[in-house]
Amino acid sequence: MSRFIEGIRCMLGAEPKKPAALSEEVRQIMAAKRGDKAHIEQLHEQSRHNHTWRNRRWITLILVNLLFVLSFWLDIQLLEGALTASRFMGFHLIDLNSALQVMLAHKHIIVNLVIGTVTVFLLWVMLGGRTFCSWVCPYHLVSELVEKIHLALARRKLVTDHEFHRGIRAVFWVLFAGLSFITGYTVFETLSPTGILSRALIYGPGLALGWVFLLLLFEVFWSRRAWCRYICPIGLTYGVVGTLSPLQVNYDVGPCLHEGDCRKVCLVPHVLEVTIKGRAAVTQAGLGPDCTRCGLCVDACPTGALQFEVKGLSKLV
Amino acid sequence: MSGPAAEGPVRPKPGVLTEKARRARRKFLRSIPLLAGVMGVSLLGYLPVSQARKLRLRPPGALDEADFLASCIKCGQCLQVCPVNAIRLGDLDEGYGVGVPFIDAREQACDYSCDVAQCILACPTGALTYTKPSFLPVREGAALSMPPLLKAKEDDPEPTLNLKERLGLAKLTRPEACLAVQGKGFSGLVRGEAFRGRVRYIDIDRGKSLPVRDHPYQQEICNLCVSECPIGNAIKLEAFTDANGQRRFKPVVLEQCIGCGVCEMLCPAEPAAIEIEARAVWDAREAGA
């Protein structure tokens, strides 16, 4: 239970706590750890060329968005609508954050909206909450690609990453919800690069893409992955959903070398602070609700200490 | 949330911050302009919407403008089902909401060739609806006194559209440009060879719309707004005698007009002599005068 609360606390912006005490088992594992340098080097060499999960995820993300596009263009009617709201073979699917904003703005709840919202809620509880971000959101992919430019420039010391306080995202969430309620208009939709990109892909580009472009420039030259990390209320909404999810990345302290390769590739590195030496209180733990289940850390980890798992199911198998 | 300044380790000397605490403080202070910036941009995006003076024609069944803007989830499902592609989505610079659907009747009006207003069926949030929830008021003159008759379904057992309110009203905004008022007829293509609009020609195909540019007209006195109107009893041509004692005609909009915009699309005058005034309501006194 306390891990739940700790996960939510960190998601809202608090720094991860250092454990007061390590379990006996963890202490034994830590004491027994010894590094065979040549072997470790070999493991690193292998993991450097491993993009299994990233490739699977990119394919999924592109396919989902392509399904939206082709459903309209070829009129095959499989997945109609855009990411804010759609119909999959007739079933209503409604983005949770968009639904919330509409309900707050309109101050009335429509049956279809509830059906679509509940369906999507259950879907993402099963699939991991912020899985939406990294496996579906088109902005995530664009931002991930642009991040490479930022990192290349940062290596040459041409730019530096200006971090913000992560708690600001929760403030944005409250402000956007409040704005919907007060203005009676879903103000956030004007800015949301998720909605803008999704609609641009399906219905054709518009000037709103200019705003997305500015955001990307900001991320390249000023602050790495700023929108997803510090602003987007959609991410926080799905993060809350993910608190209940059995699908997660599991950390096993046993094989971990505590070198931090995982934290370097992570969108939300605070969920991986558990991999710092002495920070894991128990031998096995899920990474917490803010993790987007993107799998970059799973690919990066040379020892397999980070693995996807479905809680409960893994024990059964 | 705990304040970031409290998160550093024990300070080495009173009044001197550790590097970690300094970094945390910088992060915190930097977040305030970010907050102000993003909220500023979002209000900038909202301002034109709140200030929009001229209303836009919305798809059939749209709630009153404020409720419509509040409840539209900007998914474009209405656009996807429209057989004539009358519905388009607003962009950032237009000030009517990003991703909010509208109809530019002059380019492509809603001709109700789907027979049921499919866009209403597609809307997931009730922003387009056949039946308004009871707590939303109906503006006086917006309600239709009887269900609109669809000419194409005249012989069907259920020939009416299930619409309770009009989206606007056609108005003869430039009577001097109206061919009928000038006593002229019309022959040839309305809107020229390049026009992409479609409309349903009941005599040719009752099921779907056809390109306007493939259908030349021949009318002694231009009567297009009346002959092509998809709704029964919505508009008529009325004779009058002008100042020189000449017999002339003018289109008169009737109470059954729902504001679909087909008359505006097909008006051969450039710009159109008859236009839809979005959200306009029926005023019996005005009509009588």
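In this predicted model, helix 8 of chain A (residues 138-155) comprises 18 residues and spans 26 Å from its first C-alpha to its last, close to the 26 Å expected at 1.5 Å a residue. Five positions of this helix deserve a closer look: A:Pro138, A:Tyr139, A:His140, A:Ser143 and A:His150 are its buried residues. Their cover includes helix 4 (52-73), helix 7 (131-135), helix 11 (193-203), helix 12 (209-221) and helix 13 (226-231) of chain A. Just after helix 8, A:Lys157 adopts a positive phi of about 60°.

On the scale of the whole chain, the domain assignment divides chain A into domain 1 (2-34 + 246-316) and domain 2 (54-240). The C-alpha centres of these two domains of chain A are 26 Å apart. Their contact involves 16 residues from domain 1 and 20 residues from domain 2. On the domain 1 side, strand 4 (247-252) and helix 16 (296-300) of chain A are the elements that give two or more residues.

Chain A also touches chain B, in a contact that draws 51 residues from chain A and 40 residues from chain B. Helix 9 of chain A (residues 168-183) supplies the largest share of the chain A side, 6 residues.

The composition of two of these contacting sides is set out below.

| Contacting side | Nonpolar | Polar | Charged |
|---|---|---|---|
| Domain 1 of chain A, touching domain 2 of chain A | 8 residues | 5 residues | 3 residues |
| Chain A, touching chain B | 27 residues | 18 residues | 6 residues |

Notes: Residues numbered from 1 in each chain as written. Chains lettered and ligands numbered in written order. Predicted model: local features only at pLDDT ≥ 70, side-chain atom pairs only at ≥ 80, totals over all residues. Domains from an automatic or database assignment. Contact = placed C-beta atoms within 7 Å. Helix = DSSP H or I, 4+ residues; strand = E, 2+ residues; numbered from the N terminus. Nonpolar A, V, L, I, M, F, W, Y, C, P; charged D, E, K, R; others polar. Expected span 1.5 Å × (residues − 1). Buried ≥ 20, exposed ≤ 12 C-beta atoms within 10 Å, placed from the backbone.
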